[in-house]
Amino acid sequence: MRHWLVKTEPDAFSLDDLRRESPALWDGVRNYQARNFLREMQLGDVVLIQHSSCKVPAVVGLAVVSELALPDPTASDPEHKGFDPRQVADIDAGKPPRWIAPRLSYLRPLRTTLPIARLKARPELADSHLVRRARLSVMPLSESEAACIASLADDTLLP
DNA sequence: GCCAACGTTGGC
DNA sequence: GCCAACGTTGGC
C-alpha cells in the first residue's frame, strides 16, 4: 500500500466536499507528471488531501483510492474549463485517454492538520516531492516520508 | 497581489 | 530540436 498526496483548492473542492460527495471522481489533472502518478495508484492506496491556494495551505485529511484511473470526463466536455480536444481524439482513435481521474473515497480528517510551512521545515522531508517540486498536484510519498507525516499528524495514515 | 518556479507553445 | 514568450500554479 502506497501513500500519495494530492492538492485541491478548498474554495473549489474541499475535504468536506469530499466527505459529502464521497466517493468522488478526482478530475481536472492536466499535468503529465501528475497524470503518470495517477496511473500508478492502486486500489486501497491512501491519499493525503492537501488544501492549496488558501489561507493556511495544509494537509487536512485522508481518502482511499476506490476506483482506478477512468477517462476524465471534464477533458471531453467542450463547455468545461479543462477541455482538451486531444482527449476526444485519443478516445476516438481507441488510444488510452490522455487525462484520467481515479475515484477517491473519504476516510477522515487528520487529528492534527499539517500546514505546509511546518512540513517544509522538517529535515526528513527535505528531499520529498512536496518540498522539491513546485506546483506538482499529485505525488507519491516514500515510506519514510509517510512515517514522518504520520508522526506529526498523530495518525496512522492507515485505512 | 506578487512573483518564482515551473510547463507549454510555436516560430524558426 | 532549440528556446523565447507566454501562461499557470501556489506559497507567501
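1. A polar contact is a pair of N or O atoms within 3.5 Å; within protein, one atom must be able to donate a hydrogen and the other to accept it, and residues adjacent in sequence count only if both atoms are side-chain atoms. Ser 53 fits: one of its backbone N or O atoms lies 3.1 Å from a phosphate oxygen of DNA strand C.

2. This is a predicted model, where local features need pLDDT of at least 70, side-chain atom pairs count only at pLDDT 80 or more, and totals for chains, interfaces and linings use all residues. Residues are numbered from 1 along each chain as its sequence is written, chains are lettered from A and ligands numbered from 1 in the order in which they are written, and side-chain values use heavy atoms, without hydrogens and water.

3. Start with strand C. A residue is near a strand if one of its heavy atoms lies within 4 Å of it. Residues around DNA strand C include Lys 7, Gln 50, Ser 52, Ser 53 and Arg 135. Of the strand C atoms within 4 Å of the protein, 61% are sugar and phosphate. The side chain of Gln 50 puts an N or O atom 2.9 Å from a phosphate oxygen of DNA strand C.

4. Now strand B. Asn 31, Tyr 32, Arg 133, Ala 134 and Arg 135 surround DNA strand B. Here sugar or phosphate supplies 65% of the strand's atoms within 4 Å of the protein; bases supply the rest. An N or O atom in the side chain of Arg 133 is 2.7 Å from a phosphate oxygen of DNA strand B.

5. Look at Arg 135. A polar atom of its side chain lies 2.4 Å from a base oxygen of DNA strand B. For DNA strand C, a polar side-chain atom of Arg 135 lies 2.3 Å from a base oxygen.
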